[in-house]
Amino acid sequence: MAAKRNRLSGSQRKFRNGLLSAAVLLAAGLQSAEAATFTWISTTTANNAWGTTTNWQGGLNTPAAGDTVNIQSNITAAMAITMAADETMGTLNIGDSTGGPLFSAFTIGANGGNKLIFDNTINSTNSQINKPLTTVTAADVIAAPVVIGTATSTVGLTITNSSGSLLTLSGGI
């Protein structure tokens, strides 16, 4: 007598295939998290709160570890950007995007001791602050306290200033 084979019903097969598909998607999502880019677009001197979504391209204003933040809009007067909470990122690119005779400085400050946290552990490399060469740029300031990494990270912070003008970290590290 031949052995009887267990056959799955149609609904059991659909359930099994659904579980397999979910497992594959979950595994693919866990393999790597893709870093995002956040770009400051405000060019006015009014309402320069970090948390104001209209100051950011696409309304995205909550970067995380490993993400890149670009604060490089073309401004015609000095601009202060105020953080009302801790902000975390992997890379900060800062400086007036056009330079020239109307270049102006950015200052990133914080209310109540909030910190600018640099954590690029997810990318297995040092965090970065970059002030790239455009033409001539103003002296930008990071007046918020800076924290490098987390209690469990082993990456550092690389600061590159190719602009020929000052980049001041006055909030402490």
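Asp 140 sits at 0% relative accessibility in this predicted model, so it counts as buried. Its salt-bridge partner is Lys 131, and the closest N and O atoms of the two are 2.4 Å apart. Lys 131 is tucked away as well: with a relative accessible area of 1%, it falls under the 20% cut-off and is therefore buried.

A search of the whole structure turns up 2 salt bridges. Besides the pair just described, Lys 115 bridges to Asp 86, with 3.4 Å between the closest N and O atoms. Here the two residues come from distant parts of the chain, 29 residues apart: Asp 86 belongs to the loop between β3 (79-83) and β4 (87-89), while Lys 115 belongs to the loop between β6 (106-110) and β7 (116-118). Neither partner is buried. Lys 115 has 28% relative accessibility and counts as partly exposed, and Asp 86, at 35%, is partly exposed too.

On the aromatic side, the same kind of whole-structure search gives 2 pairs. Trp 40 and Trp 56 meet edge-to-face, with 5.1 Å from centre to centre and 90 degrees between the planes. Both tryptophans lie in the loop between β1 (37-39) and β2 (68-71), so their pairing ties together parts that are 16 residues apart in sequence. Trp 56 also pairs with Trp 50, this time in a tilted arrangement: the centres are 5.0 Å apart and the planes make an angle of 55 degrees. Put together, Trp 40, Trp 50 and Trp 56 make up one aromatic cluster. As for accessibility, Trp 40 and Trp 56 are buried, and Trp 50 is buried too.

Conventions
Residues are numbered from 1 along each chain as its sequence is written. This is a predicted model: local features need pLDDT of at least 70, side-chain atom pairs count only at pLDDT 80 or more; totals for chains, interfaces and linings use all residues. Side-chain values use heavy atoms; hydrogens and water are left out. A salt bridge is a side-chain nitrogen of Lys or Arg within 4 Å of a carboxyl oxygen of Asp or Glu. Helices (H or I, at least four residues) and strands (E, at least two) are DSSP runs, numbered from the N terminus. Buried means under 20% relative accessible area, exposed over 50%, partly exposed in between (1.4 Å probe, protein chains only). Rings of Phe, Tyr and Trp (its six-membered ring) pair if their centres lie within 6.5 Å; planes under 30 degrees apart count as stacked, over 60 as edge-to-face and the rest as tilted.
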